[in-house]
Structure formats: C-alpha cells, structure tokens
Amino acid sequence: GGNEPEVFYCPELSLVLPKKYHAQPKVEVMDVDGSILEGGGQILRISSGLSCILAQPISITKIRACRPKPGLSAQHLSGLRLVTIACEGDLEGAAIRSTEVTLRPCCIRSGEFNVDTKTAGSVCLLIQTILPCLLFAPSKSSLLLKGGTDADFAPPIDFFRFTFLHYAKLFGIDVNVERVKRGFFPKGCGEVAMSIEPLRYLTPVNITERGRSLT
C-alpha cells in the first residue's frame, strides 16, 4: 500500500563475494526469543545482522513483546527487508505488527540501496541493522535512508556522525554519512546518504583515557 515501507536495490551496481569468501549457509534454523531482557527491537536488529554475517537462518518469536505495541513497526520491517536484500535471503512472516519472522540468509552483496520507512521511524536504527552486514560486503555500498533523523528512543543522527563514527574509525570502519534533511515526529521525511567501505577484519583497539571535552 501507499504507507508500506519501501526498499529498493540497484542490481547493476551489485557485486557478490567470490565463492571462497562465502560463509557456508546453514540448514538448521536458530530460535531467538524476542521477549528476553528489555524485549524491544534491539534483539531483532542484532539477530538479523548476525544472521546475515554468519549465514545462520533464524526464527525470531515474541518480537518486541515488552513494548506497548508489540510486533514490527515500519522501521523494523524496513530494516529486515534491507538485510534480506543485502544477503540475498528469504524472509517469511514480515508485516506490520507481525511478532514472528524467519530469515534465511545467503550471500552478502554490495550495491546501492534506497529505503523509505514512510514514517518517522529512526534512520539511525536502520543503520544499526544494516551496517554490520555491509562492512563484510565485497565492495563499497551506498544507501539513501528516509525517515526520522531525530526520533524518540533512538540515537539522533548527529550522535552517530560525531560520536559513534569517531570510535568506529578506530576499529578500521570507513563510513561516510551526510545528513541531507532532518526529519522529526510525526512526519519523518528526513534523508541521510551514506557510503560503507568493506573491511576484512576489525582492528583491535585499546581505549583507556577519556577524550577531551569540546564544550
């Protein structure tokens, strides 16, 4: 429908990893209880990202069971669809307010991805979902993400740009983020453009001292 989240992928820019770099897809499905700990969307985001990287099929139940409105919102549904496309996977049960989904990943691919949550759903939480996957893609990926850049109960885009990325670079992560347009509740309509360079491994770090205050 007109309010359904949209995820587009440009296949002409696609590259897939050579066979020798493929994680061997597993057959057995791992069960994930989405109600543990805070019972929110973070379990879904982390599980789907690791599923993509490890080629491990997962079945997530009781999604966001501890939230006032359990199940998938537009932001969660957009993230799941994005991960599924990025790993050439198969996704079952994904719909607004669904509390159970099954994701069967295959091979991570790079390319150009456009996502529109059609709501004020957090762009930063979309990034949390897809960033770990595309770090291990075969080449550079580009994304245009539309939704809320400064949303309740989520990191604002400036925290991601100026704090998270500062520390991510220490691990060898090369990500460029441009805030094209801010988006707020209830309409959203924000836009963020980003590019993600792939890496072969994360660099270990030793952070023992507090950074210098800028204010």
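How many disulfides does a search of the whole structure find? The search finds zero, a disulfide being a pair of cysteine sulfur atoms within 2.5 Å.

This report concerns a predicted model, in which local features need pLDDT of at least 70 and side-chain atom pairs count only at pLDDT 80 or more, while totals for chains, interfaces and linings use all residues. Residues are numbered from 1 along each chain as its sequence is written, and side-chain values use heavy atoms, with hydrogens and water left out.

**Cysteines**

The cysteine sulfur closest to that of Cys 107 belongs to Cys 106, at 3.5 Å, which is too far for a bond. Cys 107 is buried, with 12% relative accessibility. Cys 66, by contrast, is partly exposed, and its relative accessible area is 45%. In these terms, buried means under 20% relative accessible area, exposed means over 50%, and partly exposed lies in between (1.4 Å probe, protein chains only).

**Paired strands**

Helices (H or I, at least four residues) and strands (E, at least two) are DSSP runs numbered from the N terminus. Two strands pair if DSSP finds at least two bridges between them.

Strand 9 covers residues 190-196, and five of its seven residues are buried, so the rest of the structure largely encloses it. Strand 9 pairs in the antiparallel sense with strand 7 (residues 141-147) over seven bridges. Within this pairing, Leu 145 has Val 192 of strand 9 as its bridge partner. Strand 9 also pairs in the antiparallel sense with strand 8 (residues 175-181), over six bridges. Here Glu 178 has Ala 193 of strand 9 as its bridge partner.

Strand 6 (residues 109-116) is mostly covered, with six of its eight residues buried. Strand 6 runs parallel to strand 7, and five bridges join the two. Asp 116 has Lys 146 of strand 7 as its bridge partner.

**Residues in loops**

The table lists four loop residues with their relative accessibility.

| Residue | Loop | Relative accessibility |
|---|---|---|
| Lys 69 | between strand 3 (58-61) and helix 2 (74-86) | 60%, exposed |
| Ser 98 | between strand 4 (90-92) and strand 5 (101-104) | 14%, buried |
| Phe 153 | between strand 7 and helix 4 | 86%, exposed |
| Phe 171 | between helix 4 (157-170) and strand 8 | 30%, partly exposed |

Two of these residues can be placed by C-alpha to C-alpha separations. Lys 69 and Arg 97 are 28 residues apart in sequence and 7.8 Å apart in space. Phe 153 and Ser 141 are twelve residues apart in sequence and 27 Å apart in space.

For Ser 98, a polar atom of the side chain lies 2.6 Å from the backbone oxygen of Gly 93.

**A nonpolar surface patch**

Phe 171 also contributes to a nonpolar surface patch of about 480 Å², together with Tyr 167, Leu 170, Leu 202, Val 205 and Ile 207. Patches are made of residues with over 30% relative accessible area and no salt bridge, with like charges joined within 9 Å and nonpolar side chains (Val, Leu, Ile, Met, Phe, Trp, Tyr) within 5 Å. A salt bridge is a side-chain nitrogen of Lys or Arg within 4 Å of a carboxyl oxygen of Asp or Glu. Accessible areas come from the Shrake-Rupley method with a 1.4 Å probe, and for residues only the protein chains shown count as cover.

Notes: A polar contact is a pair of N or O atoms within 3.5 Å; within protein, one must be able to donate a hydrogen and the other to accept it, and residues adjacent in sequence count only if both atoms are side-chain atoms.
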